[in-house]
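Here's a quick briefing to read alongside the coordinates. Have the viewer open and follow the topics in whatever order suits you.

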Amino acid sequence: MSLHLGIIGLPNVGKTLLFNAMTKAGAESASHFGAKKANIGIVNVPDSRLLDLSKIVHPEKIVPATVEFVDIAGLGHGSPHRSEGDPKGKPQAQSTAFLSDIRDADALIHVVRCFEDDNVFHVNTSVDPARDIETIRLELILADLESLERRKLKLAPMIKGRDKAAQRENDLLDTLSQAFYDGKTAAQVSLTPEDIQFLKKNISFLTWKPVIYVANISEASLARPTEHPYCRQVFDAAAHEHAEALAICAGLESDLATFTEQERKEYLSELGVEKTDLDRLIQRAFDLLGLMTFFTAGPKEVRAWTIRKDTKAPQAAGVIHSDIERGFIKADVITYDHYMAYGGEKGAKEKGLFRLEGKEYIMRDGDIVNFRFNV
């Protein structure tokens, strides 16, 4: 399955450096007003289980799960504002190209500048993480408000025709509208799961998307990042939204991407750091979407496959090929722990740990599977 994670933030906060560190794409990093176009790159999801399996199977190749990262063009100068002379009126969203790219993302990585550098222009002239977070947050809320109002216009004639579903949707949108005017995101509004699914049939708000905050710090702050007041602002904002936050030095990570493994270890040792949070960011972005991994293992390849949690066996088979799902018969399943403990498929079978599962089997993270099918 294709997964898209959008990297957002103001210009010159380190989005492209972080993107380059993860993708090794070598995208150009702007030094003044930020990039105008999105950069796109595919990133392997770190998973040590692949290497462990390959030591038993000795395949011709190893194929990891992947995630697509999109370095989205930065928001322009200044923050959104309300109509002149009407402080309670409708806020005016800026016209920004980045909003259309955000709509396509499954989740967002919000990079926030937490470093001082006179050589790197700041769009708001000074470093203030809390203000910068609010700037992006408000822009997304305003975009959602515009989407909401367009939807309400479409509902109006249906409501006049006494359409009960339209009336229900309109009432829910009224609740969200008030929250948006109060500066709240869609995720902060108390709606039932049923109401959310009902609304998502016709509208998808940007502020429903899950977010990971990245505090982009200096090398000097890397050993004790959370002690820095700028970084603390980011972590506090994330906690308020029940989101996760990580501290990463994007500039350093971008440089390290060009180093050998030995050079990387030596340089980090000089900084008093064993490892950085870059790999954890990629893994957390993967986990954030409620995803998990199953494996196929054979002499040609050991491969990781991405599925959503609670996926049943036939639908998991469909990730490999639609014909396998259509002709699904059974699934031969061994857990990762059993596979490793007994030296692979043969040993697991001898211990009676080789299971035959049917159409109602709910896949588990780490399952090693062979699907039986007939088309």
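A residue counts as buried here when its relative accessible area is under 20%, and as exposed when that figure is over 50%. By that cut-off Asn12 is buried, since its relative accessible area is 9%. Keep in mind that this is a predicted model. The chain has 375 residues, and buried ones make up 48% of them.

**The chain as a whole**

- You'll find 14 helices and 14 strands in the chain.
- Take the contacts between residues at least 6 apart in sequence: 70% of them join residues at least 24 apart.
- The accessible surface adds up to about 19,100 Å², and carbon and sulfur atoms account for 49% of that.

**The open sheet**

- Six strands line up as β2-β4-β1-β7-β8-β9 in an open sheet, and the pairing is mixed.
- The edges belong to β2 (39-44) and β9 (244-248); each has a single partner strand, so one side of each has no neighbour in the sheet.
- On average, neighbouring strands of this sheet are turned by 25° against each other, direction ignored.
- Within the sheet, β7 (residues 107-113) pairs with β8 (residues 211-216) in the parallel sense, over 6 bridges.
- One bridge to look up joins Leu108 to Val211 in β8.

**Helix α1 and its surroundings**

- Helix α1 (residues 15-23) lies across β1 (4-8), β2, β4 (66-71), β7, β8 and β9, and it runs at about 40° to β2.
- The axes of α1 and α10 (residues 278-288) come within 11 Å of each other and cross at roughly 90°.
- That crossing makes α1 roughly perpendicular to α10, because angles of 65 to 115 degrees fall in that class.
- On the α1 side, Leu18, Ala21 and Met22 do the meeting; on the α10 side, their counterparts are Leu278, Leu281 and Ile282.

**Nonpolar cores**

- As background, nonpolar side chains in soluble globular proteins tend to be buried together.
- The largest nonpolar core in this model holds 74 residues, and Leu18, Met22, Phe69, Ile109 and Leu281 have the most contacts inside it.
- Helix α7 (residues 229-240) supplies the largest share of this core, with 6 residues.
- Another core, of 18 residues, lies apart from that one; Leu176, Ala186, Val189 and Ile203 are among its members.
- Which residues does Ile109 touch, leaving aside its neighbours within four places in sequence? They are Gly6, Ile7, Ile8, Leu18, Phe69, Ile212, Val214, Leu281 and Ala285.

**Helices α4 and α7**

- Helix α4 (residues 129-160) packs against α7 at an angle of about 40°, with the two axes 8 Å apart.
- The pair is therefore oblique.
- Pro129, Ala130 and Ile133 of α4 make the contact with Tyr230, Gln233, Val234 and Ala237 of α7.

**Thr293 up close**

- Thr293 sits in strand β10 (residues 291-297).
- Is Thr293 buried or exposed? With a relative accessibility of 4%, Thr293 counts as buried.
- Ala304 is 11 residues away from Thr293 in sequence, and the C-alpha to C-alpha distance between them is 6.1 Å.
- Beyond its neighbours within four places in sequence, Thr293 is in contact with Asp47, Arg49, Phe286, Ala304, Trp305, Arg364, Asp365, Gly366 and Asp367.

**Two positive phi values**

- For context, most residues other than glycine have a negative phi.
- Asn12 goes the other way, with phi near 65°. You'll spot Asn12 in the loop between β1 and α1.
- Asp310 isn't a glycine either, yet its phi is positive at about 75°. The loop that holds Asp310 runs between β11 (301-308) and α11 (313-320).
- What about solvent cover at these two spots? Asn12 is buried at 9% relative accessible area, whereas Asp310 is exposed at 62%.

Definitions and conventions: Residues are numbered from 1 along each chain as its sequence is written. This is a predicted model: local features need pLDDT of at least 70, side-chain atom pairs count only at pLDDT 80 or more; totals for chains, interfaces and linings use all residues. Side-chain values use heavy atoms; hydrogens and water are left out. A nonpolar core is a set of buried Ala, Val, Leu, Ile, Met, Phe, Trp, Tyr and Cys residues joined through side-chain atoms within 4.5 Å. Buried means under 20% relative accessible area, exposed over 50%, partly exposed in between (1.4 Å probe, protein chains only). Helices (H or I, at least four residues) and strands (E, at least two) are DSSP runs, numbered from the N terminus. Contact means heavy atoms within 4.5 Å. Accessible areas come from the Shrake-Rupley method with a 1.4 Å probe; for residues, only the protein chains shown count as cover. Two strands pair if DSSP finds at least two bridges between them. Axes are lines fitted to C-alpha atoms, for helices over the stretch in contact, and angles run from 0 to 180 degrees between N-to-C directions. Angles under 35 degrees count as roughly parallel, over 145 as roughly antiparallel, 65 to 115 as roughly perpendicular and the rest as oblique.
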